[in-house]
Amino acid sequence: MDAKIGLEVHVQLTALKTKLFCSCPSDYRDKPPNTNVCPVCLGMPGALPLLNERAIDMAISLCLALNGKVSEKVVFARKHYFYPDLPKGFQISQYTALGSSPVCIGGQVKINVDGKDKVIRIRRIQIEEDPGRLVWPQGFSSKYVLVDYNRSGIALMEIVTEPDMSSPKEARAFLEKLRSILEHLGICDCSLEGSMRADANVSVPGGERVEVKNIGSPKDVEKALTFEIVRQSTIIKQGGKVARETRHWDAGKRVTIASRSKEEEADYRYMPEPNIPPTLISPERVQRIRESLPELPDERARRFVREYGLSEYLAKVLTSSKALADTFEEVARAVGDYQRVANFLVVEYLRRVKEFNLELGEGLKAEHLKELFQLIDSGKITLNQAKEVVFPEMLLSGKPPSEIAKEKGLFVVRDEEKLREVIREVMEKNPKAVEDAKKSKKAINFLVGQVMKATRGKADPKLVRKLIEEMLSS
Ligand SMILES: [Zn+2]
């Protein structure tokens, strides 16, 4: 059954070192609570916001990267609601009415799912401030809640799509592609915890629209939507009605839960923010940003085809994550065989991403991969050992491949003296096979097999055969 899915993505502009309207540091992670704060981001009466223009520049660069239309005049608006994480009682955001406009209107992101291209339309891109963070000291059943305002006032970019996605897989692919574009633009390090969060609107035929709020990562968006579609379809199949509601994703329990608050009925009483003058965006400013745009994923994919002779498919998969594309280029240059490295990454890495439930790009280390290829090429480990044992362990433990191979006793035995010893033992145990082997070349296979067994597959079978033949004829 085809679902209808739209996303609202909140991205922290991690490249900004300060908050959106004050000069407090924007790096709030692992900091003591309520230390990166000032009267502006605490919402003290009389404190005036001052817009960080670089945030607007960053939104313009994303707008241009997605082929959207940059607004000529940007107006901020107050979005009122009452919540402990919002000391002012309103959030400074943008709004498409009352003469207020977001930075960007329209645009598109091209995704590729199972080899098929699809275009997801963007409705708008806007800049707004993040609220503070609520902390439940004993989980959601806590008797009290703490508030940390270090995150209050941090610059967020909100990207709203049209409901163009029809499966959880497409939603994940959209977020991965968006993340790749943001990272190529250098405006968000989306690997930081909480730097990319999504609200997903989803409905199935015959049902109402349900909003799932605050999902922390692309892989969780796929899971939350899969859960929701099954839940909604089951209700309809049983003759029930899907309620129009807001739900939350519980990543631990892997279920969506109905919210107690009726957030969808809130009236935000939008009004233009009187303390920030409208920002006029000149064509010269847009042109300057357009000229400074770096190479973006689609362009990079075309270059991979042109420069490295990769298939379009491999190029698209590799550039769907900046970490993956960067790793590929670095390792392929060192190994000197682009096709082989591309195939290894696309086949082996994607297989493990699925198996180990990783985010695309997670766990990759170019240095370690280069070493892995050296181990294979110098015959120290076999390709099969690399694929089945060493590489998965690299992703899980982050250890270098040589350490893993050593720990697991994988190194191929090339020491001829040692091998001769093993062969002598095998021959003593199998006198009949030795007699047969003297007469027939085929019977040697049995002895080779026994030696491989005795070395637990760590010997080089070609070398073993050569040594056995030598020993039989001497
Ligand atoms: Zn501040």
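1. In this predicted model, the donor residues of the zinc ion follow the sequence spacing C-x1-C-x13-C-x2-C. The pair Cys24 and Cys38 links distant parts of the chain: Cys24 and Cys38 each sit in the loop between strand E1 (4-12) and helix H1 (53-65), 14 residues apart.

2. The ligands of the zinc ion are the SG atoms of Cys22, Cys24, Cys38 and Cys41, at 2.3 to 2.4 Å. What arrangement do the four donor atoms around the zinc ion make? The angles they subtend run from 101 to 114°, and the arrangement is therefore tetrahedral. For reference, the ideal angle for four tetrahedral donors is 109.5 degrees.

3. Are Cys24 and Cys38 of this site buried or exposed? Cys24 has a relative accessible area of 7% and is buried. Cys38 has a value of 18% and is buried as well, because the cut-off for a buried residue is under 20% relative accessible area.

4. The loop between E1 and H1 also holds Asp30. This residue is not a glycine, yet Asp30 has a positive phi of about 60°. Asp30 is exposed, with a relative accessible area of 82%, whereas Cys24, in the loop between E1 and H1, is buried.

5. A positive phi is also found at Arg269, at about 45°, although Arg269 is not a glycine. Arg269 belongs to the loop between strand E16 (255-258) and strand E17 (271-272). With a relative accessible area of 52%, Arg269 counts as exposed, since the cut-off for that class is over 50%.

6. Helix H6 (residues 312-319) and helix H7 (residues 322-335) have axes that come within 6 Å and cross at roughly 120°. The two helices are therefore oblique to each other. On the H6 side the contact is made by Val317, Leu318 and Thr319, and on the H7 side by Leu324, Ala325 and Phe328. Sorted by class, the contact of H6 with H7 comprises five nonpolar residues, one polar residue and no charged residues.

7. Ala342 is a residue of helix H8 (residues 338-356). Beyond residues up to four places away in sequence, Ala342 touches Leu310, Leu314, Leu318 and Phe328. Two of these partners recur from the previous point: Leu318 takes part in the contact on the H6 side and Phe328 on the H7 side. Ala342 is buried, with a relative accessible area of 0%. The C-alpha atoms of Ala342 and Asn112 are separated by 17 Å, and these two residues are 230 residues apart along the chain.

8. Helix H15 (residues 461-473) contains Leu467. Which residues does Leu467 touch, not counting residues up to four places away in sequence? The partners are Glu416, Leu419, Arg420 and Ile423. Leu467 has 0% relative accessibility and counts as buried. Between the C-alpha atoms of Leu467 and Glu417 the separation is 10.0 Å, with their positions 50 residues apart along the chain.

9. Strand E12 (residues 155-161) includes Ala155, which is buried at a relative accessible area of 2%. Leaving aside residues up to four places away in sequence, Ala155 touches Val11, Gln12, Leu13, Leu16, Leu20 and Glu128. Ala155 and Phe21 are 134 residues apart along the chain, and their C-alpha atoms are separated by 8.3 Å.

10. Glu170 is located in helix H2 (residues 168-185). Is Glu170 buried or exposed? Its relative accessible area is 12%, and Glu170 is buried. The contacts of Glu170, not counting residues up to four places away in sequence, are with Ile111, Val113, Lys118, Asp164 and Met165. From Glu170 to Phe411 the separation is 241 residues in sequence and 42 Å in space, C-alpha to C-alpha.

Terms used
Residues are numbered from 1 along each chain as its sequence is written. This is a predicted model: local features need pLDDT of at least 70, side-chain atom pairs count only at pLDDT 80 or more; totals for chains, interfaces and linings use all residues. Side-chain values use heavy atoms; hydrogens and water are left out. Axes are lines fitted to C-alpha atoms, for helices over the stretch in contact, and angles run from 0 to 180 degrees between N-to-C directions. Helices (H or I, at least four residues) and strands (E, at least two) are DSSP runs, numbered from the N terminus. Angles under 35 degrees count as roughly parallel, over 145 as roughly antiparallel, 65 to 115 as roughly perpendicular and the rest as oblique. Contact means heavy atoms within 4.5 Å. Ala, Val, Leu, Ile, Met, Phe, Trp, Tyr, Cys and Pro count as nonpolar, Asp, Glu, Lys and Arg as charged, and the others, Gly among them, as polar. Donors are N, O and S atoms within 2.8 Å of the metal (3.2 Å for Na, K and Ca); water is not among the atoms, so sites may look incomplete. Four donors count as tetrahedral if all angles lie between 85 and 135 degrees; four count as square planar and six as octahedral if opposite donors are over 155 degrees apart and all others between 65 and 115; anything else is irregular. Buried means under 20% relative accessible area, exposed over 50%, partly exposed in between (1.4 Å probe, protein chains only).
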